[in-house]
Amino acid sequence: MDLDLDVDQLFGSWGESSPLMMLVWIIPIVLFVFYGQRIQLMVTSNEIKKSITKLGAYRTESRDELVGFVRERFSPGSDPAKRLGVFIDYFSVMPVDLDPAGIVQKIQHTVRSRDEHTRAQIKSLHPGMGEQDLSQVQTLLEIASTLQLLYKVINHLFLTAKKQNNFPLILPLQMMLPFIMEQAEALRDAVPAFRAGQPVGDGIGPMVVGKMMLGAEKKEAAFQTVWCESEYEGRKLFLLKAKGPMSTVGRMGDAVEGIASGRKLDAIIMVDAALKLEGEDSATVARGFGAAIGGIGTERFQIEELAAKHDIPVLAIVVRQSVREAVGLMTEGIAATARDVRAQVCEMITENTARGQSVLLIGVGNTLGVGQ
Amino acid sequence: MFGKKKADATIHVVERCASCGMEAERGFRKGDCVFARAAACPSCGGDLTIDRIFGRTS
């Protein structure tokens, strides 16, 4: 049999009929018209699946590190993994916000109840557990709990989108995932510093104020929060920070209310770490106005309420850093800014107050590895 | 995974003398914390305190 095939006729673009070339063009068009979304879903799904696998690994690692820390420090009789697993799964039901009046107190109550209950539960693992170890275990537990939650939520959204072949549902997930992964990686990388009790980037505020507190008599201002009195160029200073070197941010709202009751404050200056924008240099110092304090918002609410009620100006000085730097081991650049920030704080005090006036200076942030 | 990060950043402790301002750098030891008293200053006999603890990435 003689197959008289002309290759030029099959693939050539000059002829009137080139069936194979027509197929080469038409098949993908048909494929993409009818299955384009599904193909895109498959590609995106693979990317998300890889991220979920990573999140799962972070979750397991942080849990193992927590269990390892408890075993190493306290060698408890029974295996702590099961009990710690229960603590990791704790959840909080936030108060209903249909009627927002008084919601801040309700949120604060919920958060503090959880905090106190978790602390009591951790302490029950080993009766001899000191405050320092307890604070470190609590922070490691928070990290493991957050990573667990991130993994569960992302996995849930992904599986729901896959189950329903719901492409629009997977798109926001794909867009948000790089930000979530950045946070998750930052938390995972922070674990060694929290295990070893080393200062983190967020500790720059307590580090600045802690040095100014050295040698003075420290008093308890609120739970895990200390303050002392000092003087600078004829101004009375009230210095406030979380009680170091524990892993805690203290209770600044309560402490400020306590210090302000019965005393006249002429200015409040808050020193804190702030998240930098992309393109901004890390460890740069910036000044501003308003209560520079993160968290769920209840502490900021308390300070703002008090400042507004007594007409006290609130000034802020922040050290800019990335999420990774803020939660992880303090970098050389951030540590080096402490002296400059202290100088700027002194400048702020003299610029904004007169002799004989009083200033409340607050070092905001986690004071792990930073004394006073 | 955690070990990998540790290998990247080495942890340094800077001790500073409050009297003469002398600074000395060393590695991190368990229990170190910022502003803790370290030892007597080798140059003036004053108090050496830990001035800062940080990670340096090579």
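A strand here is a DSSP run of E, at least two residues long, numbered from the N terminus. With that in hand, take strand β7 of chain A, residues 358-363. A:Ser358 is found in it. One caution before I go on: this is a predicted model.

So, is A:Ser358 buried or exposed? Buried. Its relative accessible area is 7%, and the cut-off for buried is under 20%. What does its side chain reach? The backbone oxygen of A:Lys264, at 2.4 Å. A:Lys264 also appears among the contacts of A:Ser358, once neighbours within four places in sequence are left aside. The others are A:Lys236, A:Phe238, A:Leu265, A:Asp266 and A:Ala267.

Now to helix α2 of chain A, residues 19-74. A:Val30 lies there. A:Val30 counts as partly exposed, at 41% relative accessibility. A:Val30 also helps make a nonpolar surface patch of about 1100 Å². Other members include A:Met22, A:Trp25, A:Phe32 and A:Tyr35.

Next, the interface. Chain A puts 28 residues in contact with 19 residues of chain B. The area buried between the two chains is about 2000 Å². Carbon and sulfur atoms give 65% of that area.

On the polar side, there are 8 residue pairs in polar contact between chain A and chain B, both residues at pLDDT 80 or more. The salt bridge count between the chains is 4. One salt bridge joins the side chains of B:Glu23 and A:Arg339, 3.1 Å from N to O.

Which helices of chain A each supply at least two residues of the side that touches chain B? They are α2, α6, α7 and α11. The largest share comes from α6(A), with 5 residues.

Definitions and conventions: Residues numbered from 1 in each chain as written. Chains lettered and ligands numbered in written order. Predicted model: local features only at pLDDT ≥ 70, side-chain atom pairs only at ≥ 80, totals over all residues. Heavy atoms only, no water. Helix = DSSP H or I, 4+ residues; strand = E, 2+ residues; numbered from the N terminus. Buried < 20%, exposed > 50% of the residue type's maximum accessible area, 1.4 Å probe, protein only. Polar contact = N/O pair within 3.5 Å; in protein donor to acceptor, adjacent residues only side chain to side chain. Contact = heavy atoms within 4.5 Å. Patch = residues over 30% accessible without salt bridge, like charges linked within 9 Å, V, L, I, M, F, W, Y side chains within 5 Å. Areas by Shrake-Rupley, 256 points an atom, 1.4 Å probe, with all protein chains shown as cover. Buried area = accessible area lost by both parts, 1.4 Å probe.
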